[in-house]
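Colleague: I have a model open and would like help reading it. Where do we begin?

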Amino acid sequence: MTTGGHRVFSGMRPSGRLHVGNYVGALQNWVAMQDEFECIYCAVDVHALTDMQGEDTREIRPNVREMVLDWLAAGIDPDRSLVFAQSQVPEVMVLHTLLSMVTPLGWLMRVPTFKDKVRQMQETEESVSYGLVGYPVLMTADIILYKADTVPVGEDQLPHLELAREIARRFNHLYGPTFPEPQARLTEVPLVVGLDGAHKMSKSLDNHIELAASPEETTARIATAFTDPERLRRSDPGRPWVCNVYSLHKLFNPGRLDEVYQGCTSAQLGCVEDKRLLADGVNENLAAFRERRSEFESRPGYVEDALREGARRAQAIARETLAEVQERLGLASVAL
Ligand code: ADP
């Protein structure tokens with residue numbers, strides 16, 4: 001394996017079954033990075049708790065399983081990459097506490113996503129949980145516990161990563177060089193718009209296409225997609241450049257783009273048929289993924305074993321880092 005000496009860390013909150021936006025926007029990139037780097041992929045289930053104050057958390061566990069099944073089916077190789085659930089390596093929570101001692105509160109309160117989140121949750125800065133404020137500290141701990149130096153992110157995550165570097169730098173400055181400063185690897189991934197044609201594809205907006213859905217479900221779902229709003233009659237020519245179904249063709253039907261474009265703009269191809277062509281493209285594209293997924297799903301203990309082994313290997317690295325940190329901080333050890 002060529003790792004170029006870099007270690008990648010990336011996490012996803014366990015939201016259950018993933019959709020084609022997650023696939024195109026993140027997962028395919030994760031799979032590709034395995035050829036270049038040593039990769040650590042984490043289902044960040046503790047992060048899932050940060051905005052669930054008082055909510056039912058029992059869905060987290062099955063959601064981890066469903067999401068990791070998607071990862072493995074997409075080609076994340078648990079023999080090459082570390083794949084585990086965050087809570088299974090509790091050392092991260094110890095490091096989080098220790099890092100919280102060197103992180104000024106002002107740094108956290110200034111993070112733009114914190115203010116956004118408070119507004120979105122219709123809470124106040126006083127009423128949200130301590131854990132929500134500390135989210136970027138836990139994220140920093142996730143990354144530097146494994147001494148990862150490369151973090152693939154979208155632009156929206158840049159402020160978090162800047163903060164992670166500041167926390168690592170401050171620790172290194174106060175207690176001696178311990179952590180690499182993690183660098184963002186800005187990944188150009190397309191933003192997939194949902195079937196409503198208006199918003200980012202997202203499970204919470206229910207405008208998504210699930211990767212693990214059956215071909216029939218996929219076809220039925222795509223049939224509900226919004227197309228060009230000005231194409232009112234079957235005989236009206238369509239405008240593929242404003243139509244999200246056409247953007248999805250670009251991703252899932254690259255071989256038929258010309259045919260679709262010509263058909264739509266000349267009104268020879270109606271929206272109903274167009275969406276059926278898209279569904280065929282999506283189903284063909286995902287056939288191998290879906291086959292692998294159901295095979296993995298039916299192998300008893302497959303996901304659990306992958307996660308257990310991933311946690312075991314991750315924990316070995318984590319313990320080493322933590323011992324070093326405790327030493328730097330002058331904390332008690334068995335050899336006083
Ligand atoms: P997070 O795990 O960061 O809270 P999500 O669960 O929404 O975010 O998504 C997981 C990953 O999939 C993230 O890297 C996110 O950028 C990507 N993603 C989610 N929705 C889309 C979309 N509609 N288009 C492209 N990428 C997406």
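Modeller: We take one buried residue, then the cores, then the cavity. This is a predicted model, where local features need pLDDT of at least 70, side-chain atom pairs count only at pLDDT 80 or more, and totals for chains, interfaces and linings use all residues. Residues are numbered from 1 along each chain as its sequence is written, and side-chain values use heavy atoms, with hydrogens and water left out.

Colleague: Why does Asp70 count as buried?

Modeller: Buried means under 20% relative accessible area, with a 1.4 Å probe and protein chains only. Asp70 has 0% relative accessibility, so it counts as buried. Asp70 sits in helix H2, residues 60-74 (a DSSP run of H or I, at least four residues, numbered from the N terminus).

Colleague: What lies 2.7 Å from a polar atom of the Asp70 side chain?

Modeller: The backbone nitrogen of Leu18. Asp70 also touches Arg17 and Arg293, among others (contact means heavy atoms within 4.5 Å).

Colleague: Which residues touch the most other members of the largest nonpolar core?

Modeller: A nonpolar core joins buried Ala, Val, Leu, Ile, Met, Phe, Trp, Tyr and Cys residues through side-chain atoms within 4.5 Å. Here the largest has 52 residues, and Val20, Leu27, Trp30, Val68 and Trp71 touch the most other members. H2 supplies its largest share, nine residues. A second, separate core has 44 residues, including Val92 and Met139.

Colleague: What classes of residue line the largest cavity?

Modeller: Six nonpolar, one polar and four charged residues. Among the lining residues are Asp228, Arg231, Arg239 and Asp274.

Methods
Helices (H or I, at least four residues) and strands (E, at least two) are DSSP runs, numbered from the N terminus. Buried means under 20% relative accessible area, exposed over 50%, partly exposed in between (1.4 Å probe, protein chains only). A polar contact is a pair of N or O atoms within 3.5 Å; within protein, one must be able to donate a hydrogen and the other to accept it, and residues adjacent in sequence count only if both atoms are side-chain atoms. On a 1 Å grid over the protein atoms alone, a cavity is a set of points where a 1.4 Å probe fits but cannot get out, and a pocket is an open set with protein on both sides within 12 Å along at least five of seven lines; lining residues have an atom within 4 Å of a point. Ala, Val, Leu, Ile, Met, Phe, Trp, Tyr, Cys and Pro count as nonpolar, Asp, Glu, Lys and Arg as charged, and the others, Gly among them, as polar. Lists of a residue's contacts leave out its neighbours within four places in sequence.
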